[in-house]
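These notebook entries record what I looked up in the structure displayed here. I took burial, salt bridges, helix packing and surface patches in turn.

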Amino acid sequence: MSFLSHLISGISLGSIYAIIALGYTMVYGIAKMLNFAHGDVIMVGAYSCFFLMSRFHLPVIVGVVAAMLVCTLLGVTIERLAYKPLRAAPALAVLITAIGVSYFLQNAALLLWTSNPKVFPSIAGNTSIKLLGGQLSISPTALLSIASCIVIMVALTWFTSSTRMGKAMRACSEDKGAAQLMGINVNVTISMVFAIGSALAAIAGILLCSAYPTLTPTTGSMPGIKAFTAAVFGGIGSIPGAMIGGILLGIIEIFGKAYISTQLSDAIVFLVLIIVLLVRPAGILGKTVQEKV
Amino acid sequence: MNILQRVKGLVNKSFLTYAMVIVSFVIVQLLANNGGISSTLRGQLVPICAYVVMAVSLNLTVGVLGELSLGHAGFMSVGAFSGVVACISLGDTIASEPLRLAVGLIIGAICAGIAGFLIGIPVLRLRGDYLAIVTLAFGEIIKNLINCLTIGLDGGGLHFGFLSSASALNLEPDGRVIINGPMGISNIPRLSTFTAGFVLILVTLFVVMNLVNSRSGRAIMALRDNRIAAESVGIPVTKYKLMAFVTSATLAGAAGALYAMNFSTIVATKFSFNTSILILVYVVLGGLGNIAGSIVAATLLTVLPEMLRQFNDYRMLIYAIVLILVMLATNNETLKGLPTRIRAWVTRSPAPQAEVGIDG
């Protein structure tokens with residue numbers, strides 16, 4: 001029975017990673033950049049929801065929507081101010097700028113909200129659901145994470161395959177120049193990707209802090225790195241890949257913690273990543289691009 | 001040919017770099033002896049040396065070999081821990097402190113070099129961002145493994161333990177626990193000096209510059225510029241990639257040992273992903289492939305937060321803004337052309353063509 005409960009907590013942690021990884025993978029797909037500030041957008045989302053709920057006593061749903069709006073605005077602003085001027089610059093320059101943005105967000109959060117950890121109240125309540133005659137108990141946060149992940153996955157798949165904007169996104173990630181020639185507004189499309197990614201980051205931040213209630217200005221960095229790993233794991237640039245990568249990573253992490261060693265769980269996660277990348281150098285669902293000589 | 005041009009020919013770039021390092025060492029040494037340096041800055045001198053060595057060695061991987069590494073702090077960590085263990089174990093054997101430090105640095109360098117070799121074999125098969133993420137993963141794994149490691153010393157030699165408490169080492173009563181899992185190493189002999197750091201920088205410069213300007217160095221740069229073309233003229237890819245990667249790791253190990261022996265305690269979490277990123281920032285800001293640039297950037301960016309101390313809480317925020325602005329100013333097409341256009345406007349002459357290069 002403990003196996004089943006570990007599996008469920010693994011999937012729920014993995015769902016959170018998957019939602020974060022979607023932000024990484026979509027931005028990578030379209031802008032070919034590693035957005036290191038993504039983890040800190042998660043933190044900003046969690047803080048905004050926390051303050052709206054605790055300070056102004058707003059209902060949960062208003063807090064979540066408001067946090068999503070804050071993050072969307074933040075993501076689009078970051079893209080406009082810091083990344084857009086560097087569209088033609090070498091990838092490393094953009095990477096360092098993203099790191100600068102990440103430092104900026106962390107330190108701004110430190111000034112605004114101090115380093116004292118905040119105790120985040122779970123948005124899904126605390127009454128866990130008992131199954132199989134009370135042997136298996138599932139926390140409502142876990143259920144909510146898994147459900148949100150499924151909804152987001154379905155919605156995003158529909159969005160990218162059926163809407164005009166979604167098709168424009170796929171076109172831009174394939175070939176920006178050709179997309180522009182076909183009359184697609186590349187700048188708007190890229191802003192849209194950042195907006196979606198950041199709104200997802202807000203959701204992920206709130207779910208993450210509901211499951212692990214301590215909130216500090218550095219809350220986002222380690223999940224950010226893990227989710228980035230998950231995105232690479234599944235094949236960076238691929239939306240289903242990010243989902244699979246995230247969920248697998250969560251399961252591996254929880255199983256590693258439960259059955260091997262708590263201290264080594266991060267090492268196990270990264271070791272599996274390395275093995276996967278050595279066998280499939282472009283990730284699980286990544287496209288292997290033929291090299292032209 | 002006038003004298004100026006002849007002097008210019010003689011004074012090549014590497015000579016200027018050596019001269020810059022030596023002159024700044026002499027100036028800092030003179031200032032330090034006359035009390036011209038604040039005590040906080042004095043405490044930063046050895047870390048600055050370590051960061052300079054880290055930046056120059058990472059530049060070998062990122063700038064010269066052209067592969068992004070996000071786990072350079074892992075090698076620093078291996079060097080730091082093995083170097084300190086060596087120095088503590090040799091405490092009775094080698095009486096002379098500088099000699100003990102040198103042995104510690106060499107052992108740290110060798111251990112990091114071995115780690116670099118073992119990691120390099122799988123890692124260097126990958127390309128681009130995948131290589132970057134795997135180096136990140138190895139950096140985190142190294143941090144995690146050292147966090148679980150216990151090493152003790154007694155009359156019978158070194159005792160190793162993994163995932164167990166220090167008491168499981170079964171030390172004799174006079175024994176000493178050196179690495180105590182997540183607590184790291186405490187009571188480190190503080191052997192590092194500014195002079196030692198200076199010598200290490202010179203050695204690093206000698207190794208890196210001679211490598212870059214050699215036949216092997218040209219092969220490495222050819223791989224960076226066009227791997228397929230390089231391979232087709234018979235350059236063995238794995239050999240030269242490994243050569244650059246292992247050299248880089250070795251130097252990082254020495255820097256780690258130097259860094260660790262400047263503090264009385266050191267823990268594995270100090271050498272995290274953030275440290276790797278910090279060093280990458282030095283390399284990119286200094287200019288890829290530009291050794292002198294790495295030295296200047298590492299020094300300035302270590303001193304900058306200290307100089308911003310008067311802004312107190314805002315200093316890291318200002319650091320972040322400076323970082324973003326510098327990246328925007330050096331890489332944005334509109335901003336990059338600005339100085340040239342202003343100069344052209346002032347002198348009323350046509351603006352020269354913007355230089356196209358990978359530096360930046």
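I began with A:Glu79 and noted that this residue is buried, because its relative accessible area of 1% falls under the 20% limit. The model is predicted, and I read every value with that in mind. A:Glu79 belongs to helix H3 of chain A, residues 60–83. I listed its contacts beyond four places in sequence: A:Lys84, A:Arg87, A:Ile190, A:Ser191 and A:Phe194.

I then turned to chain B, where B:Thr61 sits in helix H3, residues 39–64. B:Thr61 is buried, at 2% relative accessible area. Leaving out neighbours up to four places away in sequence, I found it touching B:Gly66, B:Glu67, B:Ser69, B:Phe245 and B:Ser248.

Next I searched for salt bridges, and the whole structure gave eight over all chains. One of them joins the side chains of B:Glu67 and B:Lys241, with 3.1 Å from N to O. I recorded that this pair links distant parts of the chain, 174 residues apart: B:Glu67 is in the loop between H3 and helix H4 (72–89), and B:Lys241 is in helix H10 (residues 237–260). B:Glu67 counts as buried at 10% relative accessibility, and B:Lys241 is buried at 6%.

I also noted a salt bridge between B:Glu140 and B:Lys143, again 3.1 Å from N to O. These two are three residues apart in helix H6 (residues 128–147) of chain B and so are separated by about one helical turn. Both residues are buried.

B:Glu231 and B:Arg227 form a further salt bridge, with the closest N and O atoms 3.2 Å apart. Both lie in helix H9 of chain B, residues 227–232, four residues apart. I entered B:Glu231 as partly exposed at 41%, whereas B:Arg227 is buried at 16%. In chain A, I found a network of salt bridges linking A:Lys226, A:Glu253, A:Lys257 and A:Asp266.

For helix packing, I examined H1 and H5 (residues 140–162) of chain A, whose axes lie 8 Å apart at an angle of about 35°. The crossing is left-handed. Residues in this contact include A:Ile8, A:Ile11 and A:Leu22 from H1, and A:Ile146, A:Cys149 and A:Ile152 from H5.

Last, I looked up a nonpolar surface patch of about 740 Å², whose members include A:Phe3, A:Leu4, A:Leu132 and A:Tyr259. Helix H1 (2–31), strand S2 (129–131) and helix H10 (239–260) of chain A each give two or more residues to the patch. A:Leu132 is in the loop between S2 and strand S3 (136–138) of chain A, and it counts as exposed at 52% relative accessibility.

Note on methods:
Residues are numbered from 1 along each chain as its sequence is written. Chains are lettered from A and ligands numbered from 1 in the order in which they are written. This is a predicted model: local features need pLDDT of at least 70, side-chain atom pairs count only at pLDDT 80 or more; totals for chains, interfaces and linings use all residues. Side-chain values use heavy atoms; hydrogens and water are left out. Patches are made of residues with over 30% relative accessible area and no salt bridge: like charges are joined within 9 Å, nonpolar side chains (Val, Leu, Ile, Met, Phe, Trp, Tyr) within 5 Å. Accessible areas come from the Shrake-Rupley method with a 1.4 Å probe; for residues, only the protein chains shown count as cover. A salt bridge is a side-chain nitrogen of Lys or Arg within 4 Å of a carboxyl oxygen of Asp or Glu. Buried means under 20% relative accessible area, exposed over 50%, partly exposed in between (1.4 Å probe, protein chains only). Axes are lines fitted to C-alpha atoms, for helices over the stretch in contact, and angles run from 0 to 180 degrees between N-to-C directions. A crossing is left-handed if the near helix is turned anticlockwise from the far one by less than a right angle, and right-handed if clockwise. Contact means heavy atoms within 4.5 Å.
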